[in-house]
Amino acid sequence: MTATDLLKGRGVAALLGLDWPIVQAPMAGGITTPALVAASCEAGALGSLGAAVLAPDRIRGEVAAIRALTRRPFAINLFVLDEPDRFARDGEAEAMARIASWRARLGLAEQQPPARVCESFAAQLDAVIEAAPAVVSFHFGIPPAERLAALRRAGCRILGGATNVAEARAWAEAGADAIVAQGGEAGGHRGTFVGGFEEGAVGTMALVPRLVDAVDVPVIAAGGIMDGRGVAAAFALGAQGVQLGTAFLACDESGAHPKWKAALAEADARGTRLTRVFSGRPARGLVNGFMEALRADEATVPVYPVQNALTAELRAAATKAGEIEAMSLWAGQGAALARPMPAAALVARLAAEFDAAVGGLAGSADVAGAAGAAGAAGTAGAAEAAGAAVSAGAPRQGRGTRA
Ligand SMILES: Cc1cc2nc3c(=O)[nH]c(=O)nc-3n(C[C@H](O)[C@H](O)[C@H](O)COP(=O)(O)O)c2cc1C
């Protein structure tokens with residue numbers, strides 16, 4: 001058996017009808033073009049359409065375009081949100097004043113408050129149920145039970161995003177087919193919906209085994225996985241699938257601006273951090289001028305989706321002008337490892353590199369043997385430490401940790 005046999009058709013690949021247990025992450029905002037989704041699917045992975053900011057008719061259009069390119073299973077992803085009229089609109093005048101100079105620089109007229117701050121989640125979900133894709137995934141929360149039941153009746157498998165144990169348990173109870181464990185390294189918006197964002201930014205290395213132990217549902221690891229080494233690490237932690245965003249963002253078919261793709265290579269110089277200033281919800285992106293300029297306003301900008309709506313025109317104008325310092329350059333901590341190539345080549349590379357990573361571990365049997373002997377000698381100490389962790393478990397889970 002080659003190492004690839006450990007991956008091909010295994011884990012969530014069997015559950016979702018894929019060749020590989022690899023998910024091309026949904027990325028809202030025009031990145032997950034029909035070409036990217038279809039190419040990922042044709043390569044045997046699960047392509048995902050990030051539909052969070054699309055009007056229902058646009059969702060229908062994108063689905064038709066994907067279906068014209070592939071007959072394989074694909075996913076549609078939504079953000080679970082209240083209806084647009086439920087969001088408090090106070091603080092908008094101050095928020096608009098903060099970005100006025102950035103708008104002027106891009107030649108935009110004086111800003112009027114947006115008519116509404118997001119699409120209707122109910123109407124988006126109606127469009128998704130009608131489209132009946134093989135898989136539907138959710139970020140930011142759990143839809144009402146009757147809506148999940150409607151998706152199941154339409155034949156959809158459901159993936160729920162979780163950033164901590166409480167969220168994973170809630171998704172398991174809601175009947176998710178698999179849970180996407182979003183580690184703190186991940187690019188884009190934090191999915192946290194139970195507890196605070198800081199405590200919810202647990203790294204993938206710690207989060208995946210926590211969720212694997214906590215729920216009986218398969219876990220898909222997300223956050224910082226850029227190549228086959230990351231895939232192997234995720235499976236070693238007990239994941240049954242991986243979801244990669246930043247790695248697919250760099251692919252030829254992705255709709256990200258070429259300058260955004262190029263900036264991934266400078267990720268070590270720019271760094272990434274979580275910011276609220278673009279959208280009102282913490283999201284990880286490459287540091288740029290807009291993030292730096294509004295740093296003092298991190299705590300006071302309006303919540304998502306209000307701030308997102310207030311900066312929408314500015315971000316669109318920045319993209320049109322190729323003004324990288326005013327775009328939201330979402331990317332994960334692994335960004336510098338991104339490699340431009342077609343999505344099919346990336347999927348094939350991930351599988352080959354997984355093989356090399358696992359083969360490399362097997363090949364380093366001497367090291368493994370030495371580590372095993374050391375481990376056996378330290379067993380009593382390890383058991384003691386484990387006992388201490390269990391007894392301290394409850395308060396620790398309740399408290400969380402933060403930097
Ligand atoms: C540009 C970008 C946009 C994203 N948009 C979404 C989205 O619309 N829905 C979603 O569930 N996750 C979204 N994510 C998060 C991914 O699902 C995933 O958690 C993340 O990309 C994994 O970390 P990585 O970027 O290090 O691979 C986005 C990520 C990026 C980089």
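Author: Two strands pair if DSSP finds at least two bridges between them. This is a predicted model, where local features need pLDDT of at least 70, side-chain atom pairs count only at pLDDT 80 or more, and totals for chains, interfaces and linings use all residues. Residues are numbered from 1 along each chain as its sequence is written.

Reader: OK, which strands stand at the edges of the sheet?
Author: The open sheet has 8 strands (DSSP E runs of at least two residues, numbered from the N terminus). Pairing is parallel, in the order 1-9-8-6-5-4-3-2. Two of these strands have a single partner each, so one side of each lacks a neighbour in the sheet: strand 1 (22-24) and strand 2 (47-50).

Reader: And which residue stands opposite glutamine 24?
Author: Strand 1 runs parallel to strand 9 (residues 241-244), joined to it by 3 bridges. In strand 9, the residue facing glutamine 24 is leucine 244.

Reader: Switching to helix 3: how far apart are its end C-alpha atoms?
Author: Helix 3 (a DSSP H or I run, at least four residues) covers residues 56-69. Its 14 residues should span 20 Å at 1.5 Å a residue (times one less than the residue count). The model agrees with that, because the end C-alpha atoms are apart by 20 Å.

Reader: Within what arc do the buried residues of helix 3 fall?
Author: Ile59, Glu62, Val63 and Ile66 are buried (20 or more other C-beta atoms within 10 Å of their own; exposed means 12 or fewer, partly exposed in between, with C-beta atoms placed from the backbone). Asp57, Ala64 and Ala68 are exposed on the other side. Seen down the axis, the buried ones line one face of helix 3, because they fall within an arc (of directions from axis to C-beta atoms) of 100°.
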